[in-house]
Structures are given as C-alpha cells and as structure tokens.
Amino acid sequence: MPYSEAQKRASDKYRAKAYDVIQVKARKGKRDEYKAQAAARGLSLNAYIISLLESDRETTEKET
C-alpha cells in the first residue's frame, strides 16, 4: 500500500513535535567517510554523532 499524503503529514507533524533538527556541515567527500566510520560501529551517522556527544557530556560531568 502506498504512503498516503495523510500519513506523510501525520509523520511530519510528529517529527516536528518530537525532535529538534541539528545540521552538521562537513567538507565535500567527508560525509561518506563519516558514514563508513559509523557503519563500522553498527550505527547510522546520526546515532553515531549523538553517541559521541552523549559520551563527551558524561566524561565532562565526571570531571566536574
């Protein structure tokens, strides 16, 4: 069954309500390198970036 316009609107509405959007800019060609790095750890690029940020936050909290 195809994805209907109503489903698309509902999904977009949910994402807008539940998530913040953060853009990361990288030099040309680096995106694929970063995606491969994340995939080597079994993560999407988004999940990998979030895990790095969370890990850094935890480390910083332990130091203070």
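**View 1. Val 21 in the loop between helix 1 and helix 2.** A residue is called exposed when its relative accessible area is over 50%, buried when that value is under 20%, and partly exposed in between. In this predicted model, Val 21 has a relative accessibility of 75% and therefore counts as exposed. Val 21 is found in the loop between helix 1 and helix 2. Asp 56 lies 35 residues away from Val 21 along the chain, and the C-alpha atoms of these two residues are separated by 20 Å.

**View 2. A nonpolar patch on the surface.** Five residues, namely Ile 22, Val 24, Ile 49, Ile 50 and Leu 53, form a nonpolar patch on the surface, and together they have about 480 Å² of accessible area. One of these patch residues, Val 24, has its place in the loop between helix 1, which covers residues 5–18, and helix 2, which covers residues 30–40. Is Val 24 buried or exposed? Its relative accessible area is 60%, so Val 24 is exposed.

**View 3. The largest pocket and its lining.** The largest pocket has a volume of about 600 Å³, and it is lined by 19 residues. Of these lining residues, Ile 22, Val 24, Leu 45, Asn 46 and Ile 49 lie nearest the centre of the pocket. Helix 2 and helix 3, the latter covering residues 45–63, each supply at least two residues of the lining. Which helix gives the most to the lining of the largest pocket? That helix is helix 3, which contributes six residues. Ile 22, Val 24 and Ile 49 can also be found in the nonpolar patch of the preceding view.

**View 4. An aromatic pair formed by Tyr 14 and Tyr 19.** A pair of aromatic rings is described by the distance of the centres and the angle of the planes. In this model the count comes to one aromatic pair. The ring centres of Tyr 14 and Tyr 19 are 6.2 Å apart and the ring planes stand at 80°, so the pair is edge-to-face. The reasoning rests on a cut-off, because planes over 60 degrees apart count as edge-to-face. Tyr 14, with 51% relative accessibility, counts as exposed, and Tyr 19, with 52% relative accessibility, counts as exposed too.

**View 5. Salt bridges in helix 1.** For the model as a whole, the count comes to five salt bridges. One of them joins Asp 12 to Arg 15, with the closest N and O atoms 2.6 Å apart. Asp 12 and Arg 15 are separated by about one helical turn, because they are three residues apart in helix 1. Asp 12 counts as partly exposed at 33% relative accessibility, while Arg 15 is partly exposed with a relative accessible area of 43%. The view can be widened to include Lys 8, which is linked with Asp 12 and Arg 15 in a network of salt bridges.

**View 6. Arg 57 and its two partners in helix 3.** Arg 57 forms a salt bridge with Glu 54, and the closest N and O atoms of this pair are 2.2 Å apart. Both residues lie in helix 3, three residues apart, which is about one turn of the helix. Arg 57 also forms a salt bridge with Glu 61, where the closest N and O atoms are 3.9 Å apart. This contact still counts as a salt bridge because the cut-off is a nitrogen within 4 Å of a carboxyl oxygen. Arg 57 and Glu 61 are four residues apart in helix 3 and so are separated by about one helical turn. Arg 57 counts as partly exposed at 42% relative accessibility; Glu 54 is partly exposed with a relative accessible area of 32%, and Glu 61 is partly exposed with a relative accessible area of 49%.

**View 7. Exposed charged residues and distances across the model.** Arg 9 lies in helix 1 and, at 54% relative accessibility, counts as exposed. From Arg 9 to Ala 40 there are 31 residues in sequence and 34 Å in space, taken from C-alpha to C-alpha. Lys 62 has its place in helix 3 and counts as exposed, with a relative accessibility of 71%. How far apart are Lys 62 and Ala 16 in sequence and in space? They are 46 residues apart in sequence and 33 Å apart in space, again from C-alpha to C-alpha.

Note on methods: Residues are numbered from 1 along each chain as its sequence is written. This is a predicted model: local features need pLDDT of at least 70, side-chain atom pairs count only at pLDDT 80 or more; totals for chains, interfaces and linings use all residues. Side-chain values use heavy atoms; hydrogens and water are left out. Patches are made of residues with over 30% relative accessible area and no salt bridge: like charges are joined within 9 Å, nonpolar side chains (Val, Leu, Ile, Met, Phe, Trp, Tyr) within 5 Å. Accessible areas come from the Shrake-Rupley method with a 1.4 Å probe; for residues, only the protein chains shown count as cover. A salt bridge is a side-chain nitrogen of Lys or Arg within 4 Å of a carboxyl oxygen of Asp or Glu. Buried means under 20% relative accessible area, exposed over 50%, partly exposed in between (1.4 Å probe, protein chains only). Rings of Phe, Tyr and Trp (its six-membered ring) pair if their centres lie within 6.5 Å; planes under 30 degrees apart count as stacked, over 60 as edge-to-face and the rest as tilted. On a 1 Å grid over the protein atoms alone, a cavity is a set of points where a 1.4 Å probe fits but cannot get out, and a pocket is an open set with protein on both sides within 12 Å along at least five of seven lines; lining residues have an atom within 4 Å of a point. Grid points are joined across faces, edges and corners, and a volume is the space filled by probe spheres set on the points.
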